[in-house]
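Hi everyone, thanks for coming along. I'd like to walk you through a structure today, so please have a look at it while I talk.

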Amino acid sequence: MNEQKVLRQFFAYIFFVVFIVFFVSIFVIKSEVFSFKITVLYILIASVICSLIVVFLTSFFNDITKIVSAKISSVARLENPNNPLLQKLSKEAPGTFSHSMAVAELAKAAGETLGLDPSLLRVGGYYHDIGKLRTPRIYIENHSGTAVSTDKIQLAKSIIDHVRIGVKTAREHNFPNEVTDLIAQHHGTSTIDSLKAELLKQGVDLQYPGPKPLSKEAAILMLSDCVEASVRSKRHSKTEILEKEIENQIIKIIKSGQIDLSNLSSEDIKKIKKSFIKTITGLYHKRKHLK
Ligand SMILES: [Fe+2]
Ligand SMILES: [Fe+2]
């Protein structure tokens, strides 16, 4: 993180200055080279330098505290289920809302197993598809089987555009940059699987604009999104079938190269897969009991 780097550099400078002042002070006081007047003058100058350091330190800490608390309150604001944007999503795009809640659960739990910020991942899940609010009915999760009649190229362009609209919405609502990045990267530079064959038949190759996930958090969100959508569409509740589907989706994304830049290790992937299986089986068993 940027603030951590600044903080480390800052403490290195402070330590260096205090170290020099301390040893010069010992030398000046102990030695009999300097007259009483010069020693007093030196002590005065050293006191002024130390006071300035304290003033600088205090204002620096104030700035850092402000930045950190603004970030925390901003993420907390987005995590609140009463947030107007989430309310709008639940009313106007109920399928996307339900998918986003499940993605948030998956991403948060997987992130926790890697020691990442669970609130950031949960918020990423809540809002990753917020761009779908512009035309909610064109997305399969928001209509019951009756496909929207439009030509496939136009449909694909509109679907791809939900990433750009999502980023725009996030900026308009002053989302923290970390959350906006998650929205921008959640499809990487992939294609729309369900329309790919049809588009290629027409000689068109459309891709999401990217970038590919550039952090572990963004990669977890991409994996959670694909796993949730795929498991939901298969409508299975048998643990072995769910496990196989999760594994297939993870392998597919790894092979596609979409999470190559995210720094996820193979050990991380194992933990994520284990966490997905636990969360998905929990969610699906809960749904089965609620039917
Ligand atoms: Fe999406
Ligand atoms: Fe999604």
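I'll go from the overall picture to the core, then to a helix pair, and finish with a few spots in the loops.

Please keep in mind that this is a predicted model. The mean pLDDT of the protein chain is 87, with 89% of its residues at 70 or more. That confidence varies along the chain: helix α1, residues 2–30, has the lowest mean of the elements at 70, and helix α4, residues 94–113, has the highest at 98.

What is the chain built from? It has 11 helices and 0 strands. There are 291 residues, and 27% of them count as buried. If you take the contacts between residues at least 6 apart in sequence, 73% of them join residues at least 24 apart.

Now to the inside. The largest nonpolar core has 42 residues, and the ones touching the most other members are Leu-106, Ala-107, Tyr-127, Val-179, Ile-220, Met-222 and Leu-223. Which helices feed this core? At least two residues each come from α4, α5, α6, α7, α9, α10 and α11. The largest share is from α9, with 9 residues. As general background, nonpolar side chains tend to be buried together in soluble globular proteins.

Let me zoom in on Ala-107, one of those well-connected core members. Leaving aside residues up to four places away in sequence, Ala-107 touches Leu-121, Arg-122, Gly-124 and Gly-125, and also Ile-220, Leu-221 and Ser-224.

Several of those partners sit in α5, which spans residues 118–127. Here 8 of the 10 residues are buried, so α5 is largely enclosed by the rest of the structure. The buried ones are Leu-120, Leu-121, Arg-122, Val-123, Gly-124, Gly-125, Tyr-126 and Tyr-127. For those of you who like charged side chains, do note that Arg-122 is on that list.

Next, the helix pair. How do α6 and α7 lie relative to each other, parallel or antiparallel? Their axes come within 8 Å and cross at roughly 170 degrees. Angles over 145 degrees count as roughly antiparallel, and α6 and α7 are therefore roughly antiparallel to each other. On the α6 side, the residues that meet α7 are Val-163, Gly-166, Val-167, Ala-170 and Arg-171; on the α7 side they are Val-179, Thr-180, Ile-183 and Ala-184. Sorted by class, this contact has 6 nonpolar, 2 polar and 1 charged residues.

Last, some backbone details in the loops. Most residues other than glycine have a negative phi, and most peptide bonds are trans. So where does this model depart from that?

One place is the bond joining Gly-210 and Pro-211, which is a cis peptide bond with omega about 5 degrees. You'll find Pro-211 in the loop between α8 and α9.

Then there are two asparagines. Asn-174, in the loop between α6 and α7, has a positive phi near 55 degrees. Asn-174 counts as exposed, because it has 10 C-beta neighbours inside 10 Å. Asn-263 is in the loop between α10 and α11, and its phi is also positive, near 75 degrees. With 12 other C-beta atoms within 10 Å, Asn-263 is exposed as well.

To recap: the chain has 11 helices, α9 gives the largest share of the core, and α5 is largely enclosed. Thanks for listening, and I'm happy to go back to any part of it!

Notes: Residues are numbered from 1 along each chain as its sequence is written. Chains are lettered from A and ligands numbered from 1 in the order in which they are written. This is a predicted model: local features need pLDDT of at least 70, side-chain atom pairs count only at pLDDT 80 or more; totals for chains, interfaces and linings use all residues. pLDDT is the predictor's confidence in each residue, from 0 to 100. Helices (H or I, at least four residues) and strands (E, at least two) are DSSP runs, numbered from the N terminus. A residue is buried if 20 or more other C-beta atoms lie within 10 Å of its own, exposed if 12 or fewer, and partly exposed in between; C-beta atoms are placed from the backbone. Two residues are in contact if their C-beta atoms, placed from the backbone, lie within 7 Å. A nonpolar core is a set of buried Ala, Val, Leu, Ile, Met, Phe, Trp, Tyr and Cys residues joined through C-beta atoms within 7 Å. Axes are lines fitted to C-alpha atoms, for helices over the stretch in contact, and angles run from 0 to 180 degrees between N-to-C directions. Angles under 35 degrees count as roughly parallel, over 145 as roughly antiparallel, 65 to 115 as roughly perpendicular and the rest as oblique. Ala, Val, Leu, Ile, Met, Phe, Trp, Tyr, Cys and Pro count as nonpolar, Asp, Glu, Lys and Arg as charged, and the others, Gly among them, as polar.
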